[in-house]
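Subject: Structure handover

Hello,

Here is the structure for you to take over. My notes on what turned up in it follow below.

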Amino acid sequence: MNRNEQNRPTIVGIKFSEIGKNYYFDASNLDNLEIGDHIIVETSRGWQIGELAEFVVDPKLLKNANYKPVKRIADEDDLRKKEELDRSGGEALQICLEELRNIGLKGVKIISAEYSFDSKILSFLYSTSAEQSPDLADLKNAVEKRIQNIRIDFHKIGPRDAAKFFGGMGACGLETRCCAQFLCGFESISIRMAKKQNVSLTPSDITGMCDRLRCCLNYEYCQYVEALKEMPRINRLVTTPKGVGKVKDIAPLRKAVYVQLDDIGIKEFD
């Protein structure tokens, strides 16, 4: 190991929930860390226990010297406390759902409830079908009357995050949705991606269980963009070994062209 490697900090990515991204911390003060270890860290939402999800190797991230240090590896007492907090979070979720029904607030779905590890903050995650964030003041006041002496926060998440949290079968029939199975973040998806790949624009064909454009539209998009650069456009006249014809369809990834030829019909050519 050279000197630069010896002096390089150990930066790790910590995951606090199934739908959250990885947050980076400096673990240089700890040894023998492994993926899956539970870690105690201080965050903007108080002390939290999270799971070590990655060792950072990106040079750009390693250059940042402002990461907060990891406090310690969680012990058995910490893990038991986490289980208790998870149970309390489930009870708090039921209370919030009851108050939501009592108030009659429409278009709001409460996803989960989570206590910070120091039990000072109770955070509710919610999603909404409305573009603007709803007024949750009445709901917050109602919950505070039943759960006292703790700060209560509400955090809005997107429909894709909600789908990832609940999991289940994908719209394509995949047993586990991509978002719940392996996606760590959500890329911007546009209808242009479907058009570029000549995918049916029928809503049921391009919409996921989250009612948003399917994430998989991005999987092969770059390959289609590159392949289409060398392909003739539809309805263009081209010369083939069997004569001049009009392009009726293309298969970009196979680099194949379907040409309408007089007296012959549609033939496939490379």
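One caution before the notes: this is a predicted model. I start with a residue pair from the sheet at the C-terminal end of my list. Ile 250 stands opposite Val 257 in β11. That pair belongs to the antiparallel match of β10 (residues 243-251) with β11 (residues 256-261), which five bridges hold together.

**The four-stranded sheet**

β10 and β11 are part of an open sheet of four strands, ordered β9-β10-β11-β12. Its pairing is antiparallel. β9 (237-240) and β12 (265-269) stand at the edges with a single partner strand each, so one side of each has no neighbour in the sheet. From one strand to the next, the twist averages 45°.

**The five-stranded sheet**

A second open sheet runs in the order β2-β1-β4-β3-β5. Here too the pairing is antiparallel. The edge positions go to β2 and β5 (72-73). Each has a single partner strand, so one side of each is left without a neighbour in the sheet.

Inside this sheet, six bridges pair β3 with β4 in the antiparallel sense. One residue match to look at is Val 41, whose bridge partner in β4 is Gln 48. Helix α3 packs on the sheet and touches β3, β4 and β5. The direction of α3 makes about 110° with that of β4.

**Gln 48 and Glu 99**

Is Gln 48 buried or exposed? Its relative accessibility is 6%, under the 20% cut-off, so Gln 48 counts as buried. This residue sits in strand β4. Leaving aside neighbours within four places in sequence, Gln 48 is in contact with Phe 16, Ile 39, Ile 40, Val 41, Thr 43, Glu 114, Tyr 115, Ser 116 and Phe 117.

Glu 99 lies in helix α3. It has 12% relative accessibility, again under 20%, and therefore counts as buried. With neighbours within four places in sequence left out, Glu 99 is in contact with Leu 139, Ala 142, Val 143 and Arg 146.

**The β6-β7 hairpin**

β6 and β7 form a hairpin, with five residues between them. Ser 119 in the turn has a positive phi of about 60°. The two strands run antiparallel and are joined by seven bridges. Within the pairing, Ser 112 stands opposite Leu 125 in β7. β6 is mostly covered, with six of its eight residues buried.

**Helix α5**

Which residues of α5 are buried? They are Arg 160, Ala 162, Ala 163 and Lys 164. The cover over these buried residues includes β6, β7 and α6 (178-181). Just after α5, Gly 167 takes a positive phi of about 70°.

**The largest pocket**

You may want this part for your own work. The largest pocket holds about 1,100 Å³ of space. It is lined by 34 residues, and the closest to its centre are Phe 16, Ser 17, Glu 18, Gly 20 and Glu 114. Several elements give two or more residues to the lining: β2 (23-26), β3 (38-43), β4 (46-55), α3 (76-103), β6 (108-115), β7 (121-128), β8 (151-156) and α5 (159-166). Which element gives the largest share? That is α3, with five residues. By type, the lining divides into 13 nonpolar, 11 polar and 10 charged residues.

Two of the names above come up again here. Glu 114 is among the residues closest to the pocket centre, and Glu 114 is also in contact with Gln 48. The same holds for Phe 16, which is in both lists.

**Lys 196**

Lys 196 is found in helix α7 (residues 191-196). Its relative accessibility is 37%, between the 20% and 50% cut-offs, so Lys 196 counts as partly exposed. Leaving aside neighbours within four places in sequence, Lys 196 is in contact with Tyr 221, Tyr 224, Val 225 and Leu 228. How far apart are Lys 196 and Arg 151 in space? They are 48 Å apart, C-alpha to C-alpha, with their positions 45 residues apart in sequence numbering.

Over to you.

Best wishes

Technical notes: Residues numbered from 1 in each chain as written. Predicted model: local features only at pLDDT ≥ 70, side-chain atom pairs only at ≥ 80, totals over all residues. Heavy atoms only, no water. Pairing = 2+ DSSP bridges. Axes fitted to C-alpha atoms, helices over the stretch in contact; angles between N-to-C directions. 1 Å grid on protein atoms, 1.4 Å probe; cavity = no way out; pocket = protein on both sides within 12 Å on 5 of 7 lines; lining within 4 Å. Points joined across faces, edges and corners; volume = space filled by probe spheres on them. Nonpolar A, V, L, I, M, F, W, Y, C, P; charged D, E, K, R; others polar. Contact = heavy atoms within 4.5 Å. Buried < 20%, exposed > 50% of the residue type's maximum accessible area, 1.4 Å probe, protein only.
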